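Here is a quick tour of one protein model, written for someone who likes to have the coordinates open while reading. Have a look at the structure first, then read on.

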Amino acid sequence: MPASASSAPPPPTHSRREDLIGRLRSCSSSTEAKLKALRDLKNQIIGNRTKKLCFLKLGAVPSVTSILSAAASAAAAPACSGDDVELNDSLIIQSAAAIGSFACGFDDGVKAVLDAGAFPLLLRLISYPNDKVVGAAARSLKFIYQSKLAPRYDLLQGNNMEFIQSLLNSENENVTGLGASIITHSCRTSMEQKALSDAGVIKKLTCMLGGSVTQKDASLESLATILKGNPDVISKFMEPENGGALGTVTELTKDKNARTRLLACICLIVIKNSAPSCLQDLRIKTKLILILLELLEDDQVGDEAPFALSSLIAEKEDLQLLAFEANVIDKLVNHLRKGPLLSRRLEGILIALANMCSRLERCRDRLLSLEAMKFVTDALSQDSGEVRAAACICLKNVSRSVKNLSAGLFMNESFVITLVRLLFDDLTFVQVSALDAISNIVVDFLAHKTMFMQCGGVKQLVQLSKSMDLTIRVKAVCALRNLTFLVNGKCKEEILSELTQLTLRSLICDPEACVQEQALALVRNLVDGPLDSIQHVFAEDALLLHAVGQQLQSASKVEVFIQGMYVFTNVASGNEVHKEAVMQELFPPLANDSESIMFKFLHSDDSRLRTAAVWALVNLTFPSSSGAFGRVMKLRNAGIVSQLKNMVNDPCLDVKLRARTALGQSITSGDGST
């Protein structure tokens with residue numbers, strides 16, 4: 001009879017792990033025993049984050065670093081020779097490899113390695129006489145440089161550039177890969193990009209594109225970093241002296257290794273985005289889209305492919321059209337249907353769909369026709385904050401479609417409740433994304449506004465408008481602004497009841513101009529409409545009206561002036577009391593009329609502000625109002641009517657037309673003497 005299958009041995013218990021750490025720390029352990037302990041440790045933690053964390057908590061990294069330090073010191077001692085050297089080098093190699101295993105793809109491990117002081121030890125080993133030791137140290141350093149926690153080199157300081165060049169000129173491919181990884185991690189400014197280019201680094205990296213897979217990938221990442229956002233460096237990259245670098249990178253998009261193909265695509269995308277004139281071939285653009293779609297299917301790089309696709313098509317209508325014609329939306333949605341997807345890939349697909357829908361109505365229509373919004377809605381409740389934010393971004397772009405919003409194709413109570421819940425999210429970036437989506441959804445249609453208010457959305461927006469975080473505050477006020485756009489009096493009353501006059505006044509007088517602008521736009525919407533709407537700024541002794549007037553006298557940003565003037569324009573469309581109140585704010589009793597803000601605004605270089613100011617004058621001089629004559633006299637004495645004469649030929653058509661209307665009304669309302 002066949003023997004029964006034996007069960008797998010149980011994983012190391014806590015006591016067995018402690019025993020292993022004890023062997024590493026023991027002063028009495030022989031070199032051979034320490035070598036065995038290091039190999040045992042390395043074999044247990046490779047690719048296993050849970051075990052890495054367990055050994056971190058037991059202090060494994062400081063113990064391994066201590067062995068590395070002692071072995072490196074022993075190697076430098078004159079007495080070390082023969083078999084001792086070989087054994088000692090093996091100890092260095094194994095301890096360096098164990099350190100690299102802790103650092104590989106694990107930020108907690110990288111932090112422990114850096115805290116233990118292993119980094120400078122590994123760096124010194126790059127000049128070690130044994131090539132195997134050098135390779136082991138370089139591999140571990142490369143793992144460290146895959147993390148954002150790695151130390152950054154100032155490439156413009158001291159001998160750092162020479163050090164990078166020495167790494168790239170090494171015959172050891174792990175060392176050249178390390179040099180490329182340091183560049184990828186450290187190069188952040190255009191000056192550093194230029195310095196690397198001037199030092200001939202691009203030519204060296206281009207040569208590495210013909211090397212091993214490791215060298216190709218490290219070189220492509222480094223090239224993308226050096227070229228990103230720098231047309232001058234890209235121009236140099238395209239020069240013949242760099243050995244047809246562009247052709248080499250393009251050819252690597254056909255490489256048999258999926259990661260190499262992805263990195264080659266990313267490098268070409270960087271060139272396309274940073275210097276569009278250098279990559280105009282329609283065939284290459286189409287090819288990039290098709291390759292990235294193919295890479296979506298790959299287990300190794302499928303998580304990153306949609307992000308590369310997003311960077312290619314973002315804000316580029318021509319490329320979005322190309323992608324649409326390549327059925328990108330259908331293929332991305334098919335991936336959502338296959339589910340469940342890991343968080344990173346789901347996030348990437350949602351971001352790609354969001355970018356596809358950012359400009360073209362046909363893309364939004366296609367996404368909705370595939371009934372994909374149910375996947376977006378489900379993603380709003382995902383555990384991953386990045387996925388929740390990506391779903392909000394997708395929703396924001398799809399809801400740019402007035403046609404689809406009005407049809408209510410993806411609006412229902414459960415959806416709104418889920419979206420409102422994200423306003424309470426613990427993650428700020430999720431709240432920001434939710435606010436952007438809500439701002440679009442509530443802008444235009446009463447049914448959505450009412451549903452949003454009933455779900456407690458207004459109450460939370462008001463709370464967020466008091467946030468110390470500027471981005472949250474301004475976006476919350478923007479959402480409230482859009483919520484008040486073209487709503488009936490009852491909705492305005494409910495919104496203002498929750499917001500309160502005092503809170504709104506504090507937002508108008510916020511220290512930040514961007515908040516002031518949105519708050520004034522909110523007030524503009526509140527007073528847009530019948531007389532009952534205008535009365536909102538006269539409550540509590542005209543608290544809001546005076547706040548608007550104060551901002552127009554003291555603000556510094558033209559956008560604040562524009563919104564404030566439109567508030568006064570709307571108020572001036574009301575009755576005599578309203579018009580006179582606006583005149584009081586524009587021409588305070590004790591002020592010099594010739595230096596009024598109205599006079600300054602009419603002379604503004606910004607046509608938007610001139611338009612807003614002239615609109616207010618149109619409403620203030622309306623002939624059928626009983627006080628028009630007195631206001632025209634006031635305007636004439638302040639030099640406003642004379643300025644209107646100069647504006648009838650304004651280069652801006654809107655200003656020209658409104659100025660002629662206001663001037664005509666001034667003549668009708670006055671005594672004819674202008």
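## Salt bridges, helix faces and two odd loops

With a relative accessibility of 23%, D40 counts as partly exposed. Its salt-bridge partner is K36, and the closest approach of the two side chains is 3.2 Å, N to O. K36 is partly exposed too, at 49% relative accessible area. Both residues sit in helix 2 (residues 31–45), 4 residues apart, or about one turn of the helix. That spacing suits a pairing along a helix, because an α-helix has 3.6 residues a turn and residues three or four places apart point the same way. The pair isn't on its own either: D19, R23, K36 and D40 are linked in a network of salt bridges.

Before going further, a word on what you're looking at: this is a predicted model.

### The big picture

The fold comes to 42 helices and 0 strands. With a radius of gyration of 33 Å, well over the 26 Å that the globule rule gives for 674 residues, the protein is more spread out than a compact globule. Along the principal axes, the C-alpha atoms fill a box of roughly 115 × 65 × 50 Å. Even so, 53% of the 674 residues count as buried. Take the contacts between residues at least 6 apart in sequence, and 70% of them join residues at least 24 apart. The exposed surface is about 29,700 Å², with carbon and sulfur atoms supplying 52% of it.

### More salt bridges

Searching the whole structure turns up 28 salt bridges. Three of them are set out here.

| Pair | N to O distance |
|---|---|
| K36 and D40 | 3.2 Å |
| R344 and E347 | 3.7 Å |
| R608 and E559 | 3.6 Å |

The R608 and E559 salt bridge links distant parts of the chain: R608 is in helix 39 (residues 607–620) and E559 in helix 36 (residues 558–571), 49 residues apart. Both ends are partly exposed, R608 at 43% relative accessibility and E559 at 29%.

R344 and E347, on the other hand, are 3 residues apart in helix 21 (residues 343–356), so about one helical turn separates them. Is E347 buried or exposed? It's buried, with a relative accessible area of 13%, while R344 counts as partly exposed at 35%.

### Helix 32 and its threonine

Now over to helix 32, where Q501, T503, L504, L507 and I508 are buried. Looking down the axis of helix 32, you'd see these buried residues fall within an arc of 165°, so they line one face of the helix. What does that buried set pack against? The neighbours are helix 30 (470–483), helix 31 (489–499), helix 33 (513–526) and helix 35 (539–554).

T503 is worth a zoom. Helix 32 spans residues 501–508, with T503 inside that range. Its relative accessible area is 12%, and because buried means under 20%, T503 falls in that class. A polar atom of the T503 side chain lies 3.1 Å from the backbone oxygen of L499. Leaving aside residues up to four places away in sequence, T503 touches S465 and K466.

### Helix 15, along similar lines

In helix 15 (residues 245–252), the buried residues are A245, L246, V249, T250 and L252. Down the axis of helix 15 they fall within an arc of 160°, so they line one face of the helix. Those buried residues pack against helix 12 (201–208), helix 13 (213–227), helix 14 (231–237), helix 16 (258–274) and helix 17 (282–295).

### Two positive phi values

Most residues other than glycine have a negative phi. Which way does the phi of T500 go, positive or negative? It's positive, near 75°, and T500 is not a glycine. T500 lies in the loop between helix 31 and helix 32, and is partly exposed, with a relative accessible area of 33%.

E371 also has a positive phi, about 55°, although it isn't a glycine. You'll find E371 in the loop between helix 22 (361–369) and helix 23 (373–379). At 55% relative accessibility, E371 counts as exposed.

Terms used:
Residues are numbered from 1 along each chain as its sequence is written. This is a predicted model: local features need pLDDT of at least 70, side-chain atom pairs count only at pLDDT 80 or more; totals for chains, interfaces and linings use all residues. Side-chain values use heavy atoms; hydrogens and water are left out. Helices (H or I, at least four residues) and strands (E, at least two) are DSSP runs, numbered from the N terminus. Buried means under 20% relative accessible area, exposed over 50%, partly exposed in between (1.4 Å probe, protein chains only). A polar contact is a pair of N or O atoms within 3.5 Å; within protein, one must be able to donate a hydrogen and the other to accept it, and residues adjacent in sequence count only if both atoms are side-chain atoms. Contact means heavy atoms within 4.5 Å. A salt bridge is a side-chain nitrogen of Lys or Arg within 4 Å of a carboxyl oxygen of Asp or Glu. The arc is that of the directions from the helix axis to the C-beta atoms. The radius of gyration is taken over C-alpha atoms; the globule rule is 2.2 Å times the number of residues to the power 0.38. Accessible areas come from the Shrake-Rupley method with a 1.4 Å probe; for residues, only the protein chains shown count as cover.
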